[in-house]
Amino acid sequence: MKKIKYEDIGSILNPLKNLQFFARKPITEDLEPRPAAKIYRGFHLNDMEKCIGCSTCQKICDNAAITMVKVPHLKEDPVNGIKNLRPAIDYGRCCWCALCVDICPTGAIELSREYVHVCDGDEVDSYFILPQEKGIHGTEQEKGWTKTASNDLLARTRTDMGEMTPEARGDNFKEIVDGYTDEQAILEASRCVQCGMCHDSCPTHMHAPEYIRAIWKGNVEEAVEWMYETNPFSHVCGRVCTHRCETACSLNQTGLPQGSEPIAIRWLKRYAMDAVPHERIKEIVARKKSQEKTGKTIAIIGAGPAGLTAAFDLVKRGHDVQVFEALPKGGGMTRYGIPYYRLPDDSLERDIDVIQSMGVKIEYNTRIGEQISMAQLHTDYDAVVLAIGLQSGRSTRIPGSEHKDTRSAVELLRLIGNHDGDEAGFDIPRTAVVIGGGNVAMDIARSLARYQKQRFNQVEIIVTAIDELEKFPADKEEIKESLEEGITIIPSRGPQQVMIENDQIKGLKTWHVESVFDSDGRFAPQYDDSDEQIYPAEMVIEAIGQMAETELLGNTLTEQLEWERGRIKVAQDGSTSAPWLWSAGDCVNGPDVVHAVADGHRVAESIHACLTGNKVSDGKLNDE
Amino acid sequence: MNCDEINVWLDTLLEEINEIKVTRKSDRRVRVDVDASSLPALLELLKGKASYVHLSAISCVDWPDDEEFELVYHCWSYEAKSLLSAHTRIPRNSSEEFARYVSVYDIYKPAGFFERDIYEMFGIYFESSPFMEKFILTEWNGPPPMRKDFDAEAYVNETFNWAEYNPDWLQEITEEGGGIAIRPEDVRL
Amino acid sequence: MASFNSISELLAQLLFMPMLAFLLGLVMVLMYRKIAARLQRRIGPPFFQPVYDIVKLYSKDTQISHGLIHDIGIVVAVGGYVAAVILLPVPGMDGIADKGGIITLSYFLMIPSLGMALGVGQCANPNGSIGISRALTAMLAYDIPFIIVVFGVALHYQSTSLVGMIDYQQAHQWGIFEMPLLAAAGLFALQGMMGKHPFEIYVAPAEIATGPMVEMSGKFMGGLFVMQSFQFYVASVLYTSLFLGGGANWFEFLLKIFFVVEIPMSISFLFPRYRTEDMVRIMWKWPVMLALIGIAFVI
Amino acid sequence: MSKLGNIPVQAKSEKKRTNPLARVFDELIQFCQSRSMFMLHYCTGCGAIELPPAMTSRFDMERLGIQPMVTPRQADILLVTGYVSVKTLKRVILTYEQMQSPKYVIGICSCTVNGGMYWQSYATAKVLNEYLPVDVYIAGCMPRPEAVIMGLRRLMSNIENGKGNAWKDYYERYDYYLGNQQHLFGDDWQTPVDVIGEAKFYDLEGEETYGEHTRTLEQHQEPLEAAVMRVKL
Amino acid sequence: MRPENYQAVRLPSSNEYEIFIGPNHPGIEGNYAFKLRLDGDEVISGKADAGYLHRGFEKLMEGRLWIQNLAIVPRICVPDPVPMEVVYSLSVEAISDIEVPERGQWIRVLQMELSRVASHLFTFGGHAATTGMYTPSYWGVADRDLALDLFEELTGGRVYHIYNIPGGVRRDIPDGFLDRLGHYLDYLESRQNDYDNLLFTNQVFVKRARGIGVINKEQALEWGVTGPNLRACGLPFDVRRDDPYLIYDQLDFDIPLQDAGDALARILVRRDELFQSVRILRQIIKHLPSVKGPVRAPIPNPLAWNVPAGESYSRVESSKGELAYYTVSDGGPKPYRVHVRGPSSMHAVQVLENVAVGARIEDVAQIMFSLDACPPEVDR
């Protein structure tokens, strides 16, 4: 580099050397705008199909430039986490920082390379736009700043949680997962973008965003308070919920190169419930109890999630509630259907204890229809809730299914649930085939596997179902863990016959399934009988669905009520055609804890409204 | 004076000035907590004896919960290549118009600017500074805006209007039954 | 005695010469801006830009006047140049050049600055006042060498008539060859007279917000734009007449005046401006010295 | 005419034009006005950083006949480049009122439309066209020089088509603008320009020229004295 | 009908009067005002009048999330925004103990130096224009614009890059970027002669700049002058060298010095600094491809990011001088307090007020531009 000394006085002629620029071309650009750089941050684009309306962009926007607009003609699908809200951008605020692009969970919002927008003074409305696939002026525009793995601001992977290895858990019924530690929970909670998809998709509309926020703040008591707003079975749901929230979670995205896992909402719930001492939870919950008594009495049949939730809600509002339970302990299917390794008994006990602490009275070992008749209840109580659940398993009705060793999964699980630890309550077969691909099938298979491991130190269980593996109703984790525990899963097989020799089951004959549904979408499996296989088994377990036992109603009532496909017909609010009778839970909706809880709330709401005279109770069903 | 000497010197300082706490955060960053009454003496010593000739900044932090202002004097030594931040706390005097403290303009000239800034933004009157008049906020009549109890957003919403847009596409959507669902101010974190 | 024909011809010339000067001046303004653009590596204004500017300025709805003297000042400033124009012979037209001569012309050339001073003085804007005081100082600075040059030239040709000088040069030799030192000094004075860098002390945006022009708007500004185009024309024709032998025909004439005016314009964009006292010092030093030596040679 | 002003305002004759060439003449004037715009050299906010590139060699505004001018007297366009703090807004209004009609305002950047990224700030005005009539807005934070030039071209075509008339709105709805100004600056806000007098002069009085706010102004206004200059020559 | 700015003020002493330079004045850098009391041409006293660009940044930042503030910090100094982003990121990283990956650090330095080049080119033009020479500003801005093109390619934004983020930078450099950067540096070096001829060795310019706005060593230290202005007074202090951050200690560069402390010395220091930056950029071009790894350390979800309680004082050398952020976190999602120490808050106020005394009115603008004052840093 040429050095210029301060002392140089310069020259009068030096500048004249630049007269050479007469001979040089100007460097002026063309008047028309140049194309911007490849990653230019110009006006917004939004892929309307990809966008799920989570409003995360709105939250990150530092200029409050984004308004969420409801676009009615778009799909609204809370179960899959799609709202028909779309971001509209105010260019009177936007600063084109592209944080919205970087934070977008789906990568729908992007910036284009278009940068010229000019309008007259009275056309300021054009500054407020609803970005779409095309640019601000409706022309095709190239993409500028888009989402890449490196500028993605969201933490896409779940915080790892400690759990037992398949070897360690294979022969016992200890709970598999450890649960989050404080740090892990806060880290996991911090991933949440507060979109509320979980809230919308949850059957009971738990305030997940709020309690996740509370957990992130380190305020677990607040979290628990939020949970008890909507769910008195938070211990249970924190472990075994079907977590539709996680399916709907904005972060549950496929198609991003960096991958994206949903927030572990269920585990966070479990963490918060475990982090607060039991007595403290009771105190927190008791705050919400109404001080005034209404004097109304309600009978609830069945101490499962639906019944107890209804009881909890009604007690909270000052009613007297009496719960009748046929079995010696409460919890219903959560106790008698879910194995200990998924839901330890003490969690359930704690939930029930909280509910009882609110003043719910439960009478165990009382079977309605035998000890007390429905008519009796009708006269003694202002309202009756039928929350009896689905106690018996459906049968495949294939030849041999009536054999005594062809058992239903529900029945076996109940037996297991009635016994402690190593005792099963029935003879453990050396080999078994489970028919069905749902969570119940996995539960019984894995329970049996544990017993087999204890007794014989080997696992010989086959789970077979007519669905393809991807379409199994069971949770992906369940399938993964089953496989880890040595269970064989054979998808796309239709059971044809239970092979019986000498009154002993020898195996199950199956055919390959070509298709499950016909062209109209009806269930009509097509089999390929050339591909026949027989799986050896000492016991065949059917886990293809459950049904309710409704004998307790008695003949008169059964005739009075309206029925629909073998279930009592109920209105949206759970009321039956009898004005004093409500029905809730699995017996109405099919098996699912959180649905049962939601049902419990609905029924309680309806009963409360009815009993306090806010709503005419007569002919509710017909009114709808 | 090199780095080590200054460290030694700082240690002896502990004995000279009352209630002083020295924390070494790294090679080049020293934090000193000092009582408000001793601060000017400390700065005098720092400049005169310890080569901290450059006052980089004076920062003020408002701690309304403690009813205190924290003043931080960042001094840089070109020789020792270290930055000494002297923290002190003065009462907030919420009931009166100003909190009061002494100016260090006679020690460090740049203090004039920073003290004036703090005077405007936080309402701390620095005795004997020649610049105690408005500079940036000459046309502002409200309370000192940087105080935590001044809510800028509320003030703005009260004072200013916002543009109201009603573009065609929004009208169409409204006719369809949609429309604005969540306004940005509803989701401020 | 002037016949009726010659009178009407004279009147036609008096009308036509300023118009011609204005048009050529506009082209020179355009050239000035184009030169700037070229040196600054850009394209520059379109061809009719000077016209657009002037029409626009005259068509402004608001015209703020600062009183009668302000109005008169501008008229005087432009009028001074118009008067100068008719004293400058062009090919085929002498106007009243043979009657006025170079001394009258020198006086006329001071009028615009004084007119401006008159007008700006009414504006009560300190920047304008500073500007005009600088403009007058600048005039003082360049007028000394200019007068010496004019004196020297007149001495050389033994005439004060521009027509005579041009005839002499066309018959003999260009003045620039006969008195190169005076021509060089003249070039300095020209730069100063046109108010171009490095002697552009009074139109200093960054210092005094364009000085005299600060309160000028609308048609007054337009008047200054017109004045500028006359200024370019007058300066270039004067120099051409004194040292380059005027123009025997229009082609030659145009070539010469555009060449002359191009020199200060090109230099202008390569220099900053001097301070006022530097300008005075330099103007009174080098050009004066050159001019005096030139006169010595002439004598 | 003007109560306040010590300097008379002159305007073109408002007489009904009967000359058949008047239309052509008007069009010529509009054309020249659109081809020659002097913009005021006032950097009100951060968007001003893109003006030097737009003015200089790379994008060369002079191609369009646009050049910077230093005083409001000579300028035709006021570019409000981004946010205006309340303190600046006062100066912007003073400047605007001193510009000579026809005059144009271009609002550049987000901030002039709805507060931009300083929407939370206690110190900046949010919606520019509450205080001044705006002719053209250019979107961006900040707009690139090309966008600025496109905006200026938009203004040019507006002027050429006789549409750039926002400045008349200032006279026609002076009460509205004054009211917003008073809301921000206090009731004693007063500028040295007698806008109402000018409105009368241009025959641009509208229904909203007068109102409650102009009455407030009348109560508070003090006559301006011509300042005496003492400059040593 | 007189602009308020130009209203003359009568003073008791008959020859004195006051004028304003700014806020609407071509001789002022940005929206800023300088009130002068003159006796004839000579400045008797000057008083800065700031606040025209005041937005209350520090208050705004307290109301926004840590990450949202990224978008707002570059606005504090418009001509040289990169150091603002970097120093803010540095201060957040210091509080929350985030280690920037090495590649991220190199890219940050690349931007810082490119920004310095752009800013200095801009200043040359501005400085020359105050003396009445506009050609350098046409050239300088156009050449700066080429640097902005590179920025646009690298960061997606021309002026406000919003590219640095706590933890590193948002994206990796695009393919072929370093080649184009290299071409740009070649071009700059080829232009050096033109600039030298036109500006730095132009006799008239040198004459005008010499002896204007002299600051001597003692005054410089007393008034808190930093950056190129300090180095023009003969004091070789540079934050990059004295208090190294990022990877500046791995780079080889000189600190240009001048002794005179006037406008000429300052512009010469800037000229030399520009070519030192070119030298640094060349080293980066050579070295960067061998630095592998990510450009960004992961940060928590920005919507739920509580920076741990703490404080930091981060300093960098911007093109104007020492730039520092004092950041305090109370462990919340938003900063508790951010104090911006812009270099111009000294240069444009106290230094300018002191240096202007005794200067002539024609040099006031030059003094301000030679100090490279950036008003938004004062107002914030």
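The following exchange explains how several descriptions of this predicted model were reached.

Reader: What should be known about the model and its numbering?

Author: The model is predicted, so local features need pLDDT of at least 70 and side-chain atom pairs count only at pLDDT 80 or more, while totals for chains, interfaces and linings use all residues. Residues are numbered from 1 along each chain as its sequence is written, and chains are lettered from A and ligands numbered from 1 in the order in which they are written.

Reader: What is the pLDDT of chain C, and which of its elements score highest and lowest?

Author: On pLDDT, the predictor's confidence in each residue from 0 to 100, chain C averages 82, and 95% of its residues score at least 70. Among the elements of chain C, helix α2 (residues 49-58) has the highest mean, 88, and helix α9 (residues 205-208) the lowest, 68. Helices (H or I, at least four residues) and strands (E, at least two) are DSSP runs, numbered from the N terminus. Where pLDDT is low, the predicted coordinates should not be read in detail.

Reader: What makes two residues count as in contact, and what does chain C contribute to its contact with chain E?

Author: Two residues are in contact if their C-beta atoms, placed from the backbone, lie within 7 Å. The contact takes 26 residues from chain C and 27 residues from chain E. On the side of chain C, α9(C) gives the most, with four residues. By class, that side has 15 nonpolar, four polar and seven charged residues. Ala, Val, Leu, Ile, Met, Phe, Trp, Tyr, Cys and Pro count as nonpolar, Asp, Glu, Lys and Arg as charged, and the others, Gly among them, as polar.

Reader: How do chains B and C stand to each other?

Author: No contact joins chain B and chain C, and their closest C-alpha atoms lie 24 Å apart.

Reader: Why are α12(A) and α21(A) called oblique?

Author: The axes of helix α12 (residues 305-316) of chain A and helix α21 (residues 593-611) of chain A cross at roughly 40 degrees and come within 7 Å. Angles under 35 degrees count as roughly parallel, over 145 as roughly antiparallel, 65 to 115 as roughly perpendicular and the rest as oblique. The two helices are therefore oblique to each other.

Reader: Why does the radius of gyration of chain E agree with a compact globule?

Author: The globule rule is 2.2 Å times the number of residues to the power 0.38, with the radius taken over C-alpha atoms. For 380 residues a compact globule would have a radius near 21 Å, and chain E has 21 Å, so the two agree. Chain E has 14 helices and nine strands.

Definitions and conventions: Axes fitted to C-alpha atoms, helices over the stretch in contact; angles between N-to-C directions.
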